[in-house]
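Hello,

Here is the structure I promised to pass on. Please open it first, then read my notes below.

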Amino acid sequence: TKLILLDSLLQEILLAFKMPRAANQVDKEDPEYLAKRAKNNEAIKRSREKTRAKAKDTQTKVDHLKKDNKRLEDKINVLGQEMQFLKDIFLAHAGAQNPGAAVAGAIAGMAVGVAAGEQGGNMQLLNSLLSEIDQPTPGPSK
């Protein structure tokens with residue numbers, strides 16, 4: 001009971017020392033209040049329209065980037081298939097001309113790098129090696 005008495009006494013003291021609050025009653029018919037509310041409502045409307053426009057713009061960009069990404073992935077697949085086809089033809093050609101078979105393996109590796117656009121893929125070296133394979137080798141003719 002002493003604890004309850006102390007608690008209620010403390011609450012009375014705190015209430016006595018609180019600053020009185022200003023009346024929070026607003027006259028909703030006051031022209032100044034109505035003007036502020038109308039201005040605030042317009043600001044809210046503009047803000048929401050701006051947010052919608054930004055979201056729509058972002059979605060448009062996302063759709064465009066997804067479409068572009070799909071196109072590029074398809075192009076990568078097609079170029080990869082084309083590169084494999086050309087590599088197979090090259091290796092078959094190099095295998096038919098057996099003297100250059102050792103060079104052909106090196107060229108095939110470089111061709112893959114050049115076709116993939118790697119740095120260090122030297123196109124001149126590749127062309128000189130290809131011309132070396134195409135030259136007839138000295139020796140007995142059949």
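Start at K70. This lysine is partly exposed, because its relative accessibility is 47% and the partly exposed class runs from 20% to 50%. Its partner is D74: the two side chains meet in a salt bridge, at 3.0 Å from N to O. D74 is also partly exposed, at 34% relative accessibility. Both K70 and D74 lie in helix α2, four residues apart, which is about one turn of the helix.

Before going further, a word on what you are looking at. This is a predicted model. The protein chain averages a pLDDT of 77, and 58% of the residues score at least 70. Confidence is highest in α2, at 94. It is lowest in helix α3 (residues 101–115), at a mean of 58. Where pLDDT is low, the predicted coordinates should not be read in detail.

**The chain as a whole**

The protein chain has four helices and zero strands. From the N terminus on, the order is α-α-α-α. How much of the chain is buried? Buried residues make up 8% of the 142 residues. The accessible surface comes to about 12,800 Å². Carbon and sulfur atoms account for 59% of that surface. As for contacts between residues at least 6 apart in sequence, 43% join residues at least 24 apart.

**More salt bridges in α2**

The count of salt bridges comes to five. K70 and D74 form one of them. Here are two others.

- K61 and D57: the closest N and O atoms of this salt bridge are 3.6 Å apart. Both residues sit in helix α2, four residues apart, about one turn of the helix. D57 counts as partly exposed, at 38% relative accessibility.
- K45 and E42: this salt bridge has its closest N and O atoms 4.0 Å apart. Both residues belong to helix α2 (residues 31–96). They are three residues apart, again about one turn of the helix. K45 is partly exposed, at 45% relative accessibility. E42 is partly exposed too, with a relative accessible area of 40%.

**A nonpolar patch**

Now move to the surface patch that involves helix α1. Which residues make the nonpolar patch? L6, L9 and I13 do, and the patch covers about 280 Å². I13 has its place in helix α1 (residues 2–17). Why can I13 be part of such a patch? Patch residues need over 30% relative accessible area, and I13 has 40%, so I13 passes that cut-off. At that value I13 counts as partly exposed.

**Where to look**

If time is short, take these in order. First, the K70 and D74 pair in α2. Next, the other two pairs described above, K61 with D57 and K45 with E42. Then the patch of L6, L9 and I13. Leave detailed reading of α3 aside, because its mean confidence is 58 and low-pLDDT coordinates should not be read in detail.

Best wishes

Terms used
Residues numbered from 1 in each chain as written. Predicted model: local features only at pLDDT ≥ 70, side-chain atom pairs only at ≥ 80, totals over all residues. Heavy atoms only, no water. Patch = residues over 30% accessible without salt bridge, like charges linked within 9 Å, V, L, I, M, F, W, Y side chains within 5 Å. Areas by Shrake-Rupley, 256 points an atom, 1.4 Å probe, with all protein chains shown as cover. Helix = DSSP H or I, 4+ residues; strand = E, 2+ residues; numbered from the N terminus. Buried < 20%, exposed > 50% of the residue type's maximum accessible area, 1.4 Å probe, protein only. Contact = heavy atoms within 4.5 Å. pLDDT = per-residue confidence, 0-100.
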